[in-house]
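Please work through the exercises below with the sequence and the model at hand. Each task is followed by a solution in steps.

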Amino acid sequence: MIQTVKLSKLRLSPINVRTAPDEQLQIGPMAASIEAKGVLQNLLVTPAKKPRGTFEVFDGGRRWRALRLLADRGTISETDYDVPVMVLTGEDAELSETSTATNFHQLKMTPAEECRAFQHFIGKSGDIDAVAKRFGVTRRFVEGRLRLAALAEPIFEALSKGEITLDIAKAYASTENREKQLLVWNTYKQSEVTADTIRRVIENETLKASDPIAILVGEPRYRAAGGKIDGDLFTDGNDRWVNPEIAHRLAGEIMENEARRIGEETGLAWIRPIASNYTHNAAHGLYRVILQSPELTEVQIARLAEIAERRNVLELEMQEPGLPEDEFKALDQEDDRLIAEAEAIENRPPALPDELKAHVGAFLVLTPQGEMRLDSQFYSEQPIVIEKPAGPVTGEDDPARDSTRRDEEPGAGRIRVAERGSSPTAHRPEAVAPGGKPLSGRLYDELAIQRRDILASCLLAQPALALDFALFVMIDARMCSAGGASDSAARYGTTIQAMGPQDPFVGDMPSSRARAYLAEAHDGLDAAWTEHDSEIERFEAFRALDDERKANWLAYIVALSLEAKPGLSNVQIPLHNRLATILEVDVAGWWRPTSENFFDRVNKGTILSLLHEIGGPSLTARHASLKKTEISESCQKLFAGELIVESEVKEAALAWVPNAMRFLDVPDGAIVDPFNEAEPNGLSDDGGALPTAEDEDVLDAVEA
């Protein structure tokens, strides 16, 4: 039954679940509402033990606080104001449950309040499912709040006061180890860090359940060996194995047994297991054994010719102006398939002669899916030199198969150093992505435009250089009879007549710092002279500007004249590169690769090759099992310096930009082949020690 009680007779019950500060409970707006409309819903109270005639509010704490605020302001009188209430009696636990259930479906309680409430009821009954059902939530939700309630006290207190977000608190609760929570808390509590950062730091000394080693070992075997698992209730499939040393020991035993079995089956000299999908570091000091691939069949030769012809057609079709995006994508995908097919034909797997098996070995690797696989590359601990077979050998001097020839000491035979990769010199370096795959035409166009914008932004700060450039182009084009505007643009990389550059048609461009800087520069120009009606008035007004303002306009106009690239060809403009050298352009300071402008535009293999390039196999292994979208998001943070990684990896990531964004300036007359390696370490023309696998040179293995 509803009755009224004077405000002065009411006080807040200690069992009321509302404990957050007034500003979080929005008491001010509530007071304004009550002042305008009165108390629309009764409070739940219970008789107080002392003094008699008073009541404790166990539900309606916000309304009571709002009424107290109005009384403190003098808006209402606490001795005269009648408050509608319902008087209930019972045990504290019953009343607290009533308060929790009522508040749960009104203004949402803070996470800290929910934690304490659920903790209270679980402590009474121990039945998580019953509590979850009673309050209309899932068991996982209740378990999550209980995990938060078990946070180290300073962290839970910060959550209660609103000093950290719920996501940050969940990141700390990703481990049940309070000591680890406090260690990270004391390090980062004064820093502006994300939940992802906190979670990553906590995970450093644990092993993901999705790690290849964990998949290989399996949870039952790991637990049987005494390993413990730290369940993360806030992210699916992200349980952590807190005893990684146990998992590594078990994985080692499994892989050693498999290596022993394969060795007995194949007759190889040795099989070495490594818990990684990359053999580069493990091959340190060994010699690669390169075996001859079978000769191409007539069918394969004909197919390669068909592929080359079809790719030429595709290239022309993809350059058609106005080509719809879906058609371009389909053509690009077909081109990728043809490239892969051609590479598969050209890289035919070689066969290992029986007489070499006793002298070579291979690595047993662990794939990102936790599967053991024998690597296809063979190695030897000593160089293998074989006498040449008598008589001519077909294709022996084919330059496509022999990149370098050197004669060793008398009687030692000839060593042939093979080319690296399938055929990287078929593409200019700036048009090739990490891993050797050519960039798509559209992506190269986009990167060319963004690269041009960076150069233009840097040129803005050097009006004198812009003037030198403009005068040189105009005079040199006239003296050398460069031809029409298109010919001049291709030669000098500028439309100095102040016409807009003919950018490749790529649709909407990703936002960039350089493009925003160019827009800001325009807004800072003195443009009052442009407000006149006639050309003569505008000309005279422009003439009245001082030299500095004119120079700023000159720099701006010259900067906006820069072409992204010469016509349809995917090459750089040498004069642009020279300007960039003079300006000391730091491309990495202006442009960082993001999901939008790069990682979403290349395939997963390219990204993994890039990760291996800047961080080695360990960095690649962390990403290899992720989906393409997850790798892209992670790389965007990594290359922006937002992930916690080793200092050398962070430095390499912050400095990396694709070759298509670099200004590859070279001295006049010099020809640079980026794939032409220096002389291999330890291998000279006069004969000497052979190179090892770490030098990236490959030795031909012929019959010993």
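The exercises concern a predicted model and treat its nonpolar cores, its cavities and one residue of a strand.

**Exercise 1.** Identify the residues that touch the most other members of the largest nonpolar core, and the helix that gives the most to this core.

*Solution.* Begin with the membership: the largest nonpolar core holds 60 residues. Within this set, L439, V585, F598, L638 and F639 touch the most other members. Next, consider the helices: α17, spanning residues 441-460, gives the most, with 11 residues. Another core lies apart from this one; it has 28 residues, including V217, Y222, L356 and L364. Finally, take L638 as an example: beyond its neighbours within four places in sequence, L638 is in contact with L611, I614, L619, L643, V645 and A653.

**Exercise 2.** Determine how many cavities of 30 Å³ or more are present, and describe the lining of the largest cavity.

*Solution.* The count comes to 4 cavities of 30 Å³ or more. The largest cavity encloses about 50 Å³ of space. Its lining consists of Y444, A448, R451, A564, K565, P566, V571, Q572, I573 and A660. Sorted by class, this lining has 7 nonpolar, 1 polar and 2 charged residues.

**Exercise 3.** Decide whether S380 is buried or exposed, and list its contacts outside its neighbours within four places in sequence.

*Solution.* First locate the residue: S380 belongs to strand β13, residues 378-380. The relative accessible area of S380 is 1%. The cut-off for buried is under 20%, so S380 is buried. With its neighbours within four places in sequence set aside, S380 is in contact with L286, Y287, V289, H359 and V360.

Conventions. Residues are numbered from 1 along each chain as its sequence is written. This is a predicted model: local features need pLDDT of at least 70, side-chain atom pairs count only at pLDDT 80 or more; totals for chains, interfaces and linings use all residues. Side-chain values use heavy atoms; hydrogens and water are left out. A nonpolar core is a set of buried Ala, Val, Leu, Ile, Met, Phe, Trp, Tyr and Cys residues joined through side-chain atoms within 4.5 Å. Buried means under 20% relative accessible area, exposed over 50%, partly exposed in between (1.4 Å probe, protein chains only). Helices (H or I, at least four residues) and strands (E, at least two) are DSSP runs, numbered from the N terminus. Contact means heavy atoms within 4.5 Å. On a 1 Å grid over the protein atoms alone, a cavity is a set of points where a 1.4 Å probe fits but cannot get out, and a pocket is an open set with protein on both sides within 12 Å along at least five of seven lines; lining residues have an atom within 4 Å of a point. Grid points are joined across faces, edges and corners, and a volume is the space filled by probe spheres set on the points. Ala, Val, Leu, Ile, Met, Phe, Trp, Tyr, Cys and Pro count as nonpolar, Asp, Glu, Lys and Arg as charged, and the others, Gly among them, as polar.
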